[in-house]
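Reader: I should like to go through the terms used for this structure and see on what basis each one is applied. Please set the criteria beside the values.

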Amino acid sequence: MCGICGELRLKQGPAEQDNIRTMLGPLRPRGPDDEGIFSAGQIALGHRRLAIIDLSAAAQQPMLSADQSLAIVFNGTIYNYPQLRQQLQGLGYAFKSSGDTEVILQAYRHWGAECVHHLVGMFAFAIWDARINKLFMARDRLGIKPLYYSQTGNSFLFASNTQALLATGEIDSAIDPQALQHQFTLHAVVPAPRTILKGIRKLQPGHVMWVDEHGAGEAQGYWQLS
């Protein structure tokens, strides 16, 4: 288990590293081993690490591609990463680490948004693509790993838990009446994308989402139970 967070500035000015540091505090229990921040202009990403597969510094996050055009924060485990790594090496991709994070990064470079169809596991990740100035977010098929987000007037924020978002002080924390109805009628479950709070939404299981300088686009499903 790890903790991820980020901010994409929707208006002029750089992303706030202070927001990332604030969000990393509530994420610490998810990742006690290390902490990392990446910031470049309108984007800032944060990560709390629980080191499991590759314990070396090469697997630290946020992780950047060799040309620094891509940056990823990832929570989860990709079960078929050794096979995907071998496949991508055969396609000419080189790796500096031995874990699964870099496999996702290279899979995205090769297949773009279609990379999720190649991933077997539980995951929530966000990739900043500086080539097109867009943030790509994805959640595993069954929603095992959480991914919450909030769009304010100036920023798009995301994190692994609601506490991290609320810590920024920028979130509408009023109760969502429709979500409250779900809470009382669906055995304490609020279906995605809603949460109990008006200002926080969660990416649906089996969905991806693009975010650009105008804010979040509509989430798109890539898998459903047959």
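Author: A pocket is an open set of grid points with protein on both sides within 12 Å along at least five of seven lines, and its volume is the space filled by probe spheres set on the points. The model is predicted. Its largest pocket has a volume of about 270 Å³.

Reader: What makes a residue part of the lining of the largest pocket, and which residues lie nearest its centre?

Author: A lining residue must have an atom within 4 Å of a point. The lining of the largest pocket comprises 19 residues, and those nearest the centre are Leu50, Ile52, Ile53, Gly76 and Asp100. Strand β5 (residues 70-78) supplies the largest share of this lining, 4 residues. By class, the lining divides into 9 nonpolar, 6 polar and 4 charged residues.

Reader: Why is Val208 called buried?

Author: The term requires under 20% relative accessible area. Val208 has 5% relative accessibility and therefore counts as buried. Val208 belongs to strand β11 (residues 207-212). Beyond four places in sequence, the residues touching Val208 include Val116, Phe136, Leu203 and Tyr222. Arg141 lies 67 residues from Val208 in sequence, with 10 Å between their C-alpha atoms.

Reader: Why is Thr152 put in its class, buried or exposed?

Author: The relative accessibility of Thr152 is 19%, and the limit for a buried residue is under 20%, so Thr152 counts as buried. Thr152 sits in the loop between β8 (148-151) and β9. With neighbours within four places in sequence left aside, Thr152 is in contact with Leu10 and Glu170.

Reader: Why is Ile196 described as partly exposed?

Author: The partly exposed class lies between the limits of 20% and 50%. Ile196 has a relative accessible area of 28% and therefore falls into that class. Ile196 is placed in the loop between α5 (177-185) and β10 (201-202). Residues up to four places away in sequence not being counted, Ile196 touches Ala174, Ile175, Asp176, Ala179, Leu180, Gln183 and Val190. The C-alpha atoms of Ile196 and His182 are separated by 8.9 Å, and the two residues are 14 apart along the chain.

Reader: How do you know on which side of α1 its buried residues lie?

Author: In helix α1 (residues 17-27), the buried residues are Asn19, Ile20, Met23, Leu24 and Leu27. They cover an arc of only 135° around the axis, and therefore lie on the same side of α1. As a rule, an α-helix has 3.6 residues a turn, so residues three or four places apart point the same way. The cover over the buried residues of α1 includes β1 (3-9), β2 (34-40), β3 (43-49), β9 (155-159) and α4 (162-166).

Reader: What makes α3 mostly covered?

Author: Of the 11 residues of α3, 9 are buried. Among them are Thr101, Glu102, Gln106 and Trp111. The buried residues of α3 pack against β4 (63-64), β5, α2, β6, β7 and β11. Gly112 follows α3 and has a positive phi, near 65°.

Reader: What makes a set of residues a nonpolar core, and which members of the largest one touch the most others?

Author: Its members must be buried and joined through side-chain atoms within 4.5 Å. The largest nonpolar core holds 26 residues, and Ile72, Ile104, Cys115, Val116, Phe123, Phe125 and Phe136 touch the most other members. The largest share of this core, 6 residues, is given by α3. Apart from it lies another core, of 21 residues, including Ala124, Leu147, Tyr149 and Phe158.

Terms used:
Residues numbered from 1 in each chain as written. Predicted model: local features only at pLDDT ≥ 70, side-chain atom pairs only at ≥ 80, totals over all residues. Heavy atoms only, no water. 1 Å grid on protein atoms, 1.4 Å probe; cavity = no way out; pocket = protein on both sides within 12 Å on 5 of 7 lines; lining within 4 Å. Helix = DSSP H or I, 4+ residues; strand = E, 2+ residues; numbered from the N terminus. Nonpolar A, V, L, I, M, F, W, Y, C, P; charged D, E, K, R; others polar. Buried < 20%, exposed > 50% of the residue type's maximum accessible area, 1.4 Å probe, protein only. Arc of directions from axis to C-beta. Contact = heavy atoms within 4.5 Å.
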